[in-house]
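Colleague: I'd like to go through the charged side chains with you, and then the helix packing. Could you pull up the model?

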Amino acid sequence: MKVLEFNPEKKDSAFLNLTEAEQPKISKDTCLVRVTGCGVCGSDLLKLERSLVKPGAVLGHEMVGKIAEISDELSNKYNLKVGDRIVSSHHVPCLECDFCKNKQESLCIEFKTSNFKPGAFSEYLELSERHLKYTVKKVAEHISDIEASFTEPLACCIKAIKRSRVLDYQGEVNSLIFGLGSIGQLIGRLLDFYRKEQNLNINNYGADLLTDKREIALNNGFDQCYEKLDSSSKKMNFIFLAAGANPCVDLAIEHINIGGTILVFSSVADISKAFTNNDIYYKELSVLGSYSPNLEDLNEAHKLIEEQKIKVSDLISHTASLENLGETIIKTRKENGMKAYLDLT
C-alpha cells in the first residue's frame, strides 16, 4: 500500500515522501480500515517542520474511512461490518489512572502511547479493539467525509472551552480568539452555538492579520474581528490562543482583564517564550493549556456534526491526493489557506 513517510530531506514536499509499505495484517483483536480521507492538523505540520518525529513516521490522525476487514466476533460485539463508514480518534485512554479519573485523559500514559497503525496518511490502517470500543463512531449517510474528519479537532475545541470555564462566567463576557485558522474558527463557532443554546451574554471577538479569515469569522458567529489591537481596545475576560506566534503571548497579557483566563491552544517556536510571573500574580490570572479531547468531548463533537449544528466543511481550502499532499500543504501555506485535506475516495 502507499504511505507518506516523514523524510527530513524532502523540504520541497513538506518533508513527506511517498513510498510503499506492507498492508497491516489484522489479528482477532484488530480491524483493517481503508482510509478515505484525513484532515491535515497543525500539529502534523509542526511535527514535520520541527522534526519532532523519527524519519519514516506516518502521520495523520483526523481520519475517516471504511471497515475493510473485521472478525465476526468484533463485528458482532461492536455492531460493525465491512463497508461501514467510520471516524475514529487516534488515542485511547485507560480510563483507570488518576488522570483519567479527573478528566485529564490526554495526560494518560496509555492515551499517549496508543495510536493508529500506521497514521492516516496512508491507504490502510489498523485499529485496536479499544479503538472500536471507545473512539470509533459510525458516519451517518448525510454527513460527508470532510465533515466527519472534523470530529477530533472539534472535540479538541470543546475540551478547550470546557477547561476555560467561559460558559460558567457570571455576567457579561468579552472573549477573544487570537488566530482565525480552522481551530480559531471552530472555537468561535462553538461559543456562538453555546451562547445561543444557553442564553449566555458572551461577546465573541477574533483577531487575525488576514482579511479573508476575519471575513469568514464575521460570517460565522463572531461579533467583531480585529486586524490589530491597541491600548484603546477592550479588555478581555477570556483569551484563546489559537495562533502559534510569539507576539500573541505578549498581546494576551496586555489585553486580558484582571481576574481573566488565558487558554493556550498552540505551540510557539521559541520555547523560552513565557507569561510573566508578576502579571499572573498581581492580576490573579488563570493560564491554562488544552491539548487533546476526552472521550465525552468526542461524543459531543460527533453529535454536533451529525446534527449539523456546527458548520465545518467550509474550513477546507485545499484538497490533495497521497501523490501531491506535500506540495498542497506548501500551496495552502503560500495562499494563506485555511486547511488542507487528504482525499482518498
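Modeller: Here it is, and please bear in mind that this is a predicted model. A place to begin is K162, which has a relative accessible area of 36% and is therefore partly exposed, since that class lies between the buried limit of 20% and the exposed limit of 50%.

Colleague: Which side chain does K162 meet in a salt bridge at 3.8 Å?

Modeller: That partner is E300, with the 3.8 Å taken from N to O. The two residues are 138 apart in the chain and link distant parts of it, as E300 sits in helix α12 (residues 295–306) and K162 in helix α7 (residues 151–164). E300 has a relative accessibility of 24%, so this residue also counts as partly exposed.

Colleague: And which residues are linked with them in a network of salt bridges?

Modeller: The network is made up of K103, K162, E296, D297 and E300.

Colleague: Okay, on to the helices. At what angle do α7 and α12 pack?

Modeller: The angle is about 120°, and the axes of α7 and α12 are 8 Å apart. Because angles of 65 to 115 degrees count as roughly perpendicular and those over 145 as roughly antiparallel, α7 and α12 are classed as oblique to each other. Their crossing is right-handed.

Colleague: Which residues make that contact?

Modeller: On the α7 side they are T151, E152, L154, A155, I158, K159 and K162, while α12 contributes E296, D297, L298, E300, A301, H302, L304 and I305. Sorted by class, the contact between α7 and α12 has seven nonpolar, six charged and two polar residues.

Colleague: Back to the ion pairs, then. How many salt bridges does the count come to?

Modeller: The count comes to 22 salt bridges. One of them joins the side chains of E129 and K77, at 2.8 Å from N to O. This pair also links distant parts of the chain, with E129 in helix α5 (residues 129–134) and K77 in helix α2 (residues 72–78), 52 residues apart.

Colleague: Is K77 buried or exposed?

Modeller: K77 counts as exposed, because its relative accessibility is 51% and the class begins over 50%.

Colleague: What about D84, which side chain does it meet in a salt bridge?

Modeller: D84 meets the side chain of K81, with 2.9 Å from N to O. D84 has a relative accessibility of 10%, which is under the 20% limit, so this residue counts as buried.

How values were computed: Residues numbered from 1 in each chain as written. Predicted model: local features only at pLDDT ≥ 70, side-chain atom pairs only at ≥ 80, totals over all residues. Heavy atoms only, no water. Salt bridge = Lys/Arg side-chain N within 4 Å of Asp/Glu carboxyl O. Helix = DSSP H or I, 4+ residues; strand = E, 2+ residues; numbered from the N terminus. Buried < 20%, exposed > 50% of the residue type's maximum accessible area, 1.4 Å probe, protein only. Axes fitted to C-alpha atoms, helices over the stretch in contact; angles between N-to-C directions. Parallel < 35°, antiparallel > 145°, perpendicular 65-115°, else oblique. Left-handed = near helix turned anticlockwise from the far one by under 90°. Contact = heavy atoms within 4.5 Å. Nonpolar A, V, L, I, M, F, W, Y, C, P; charged D, E, K, R; others polar.
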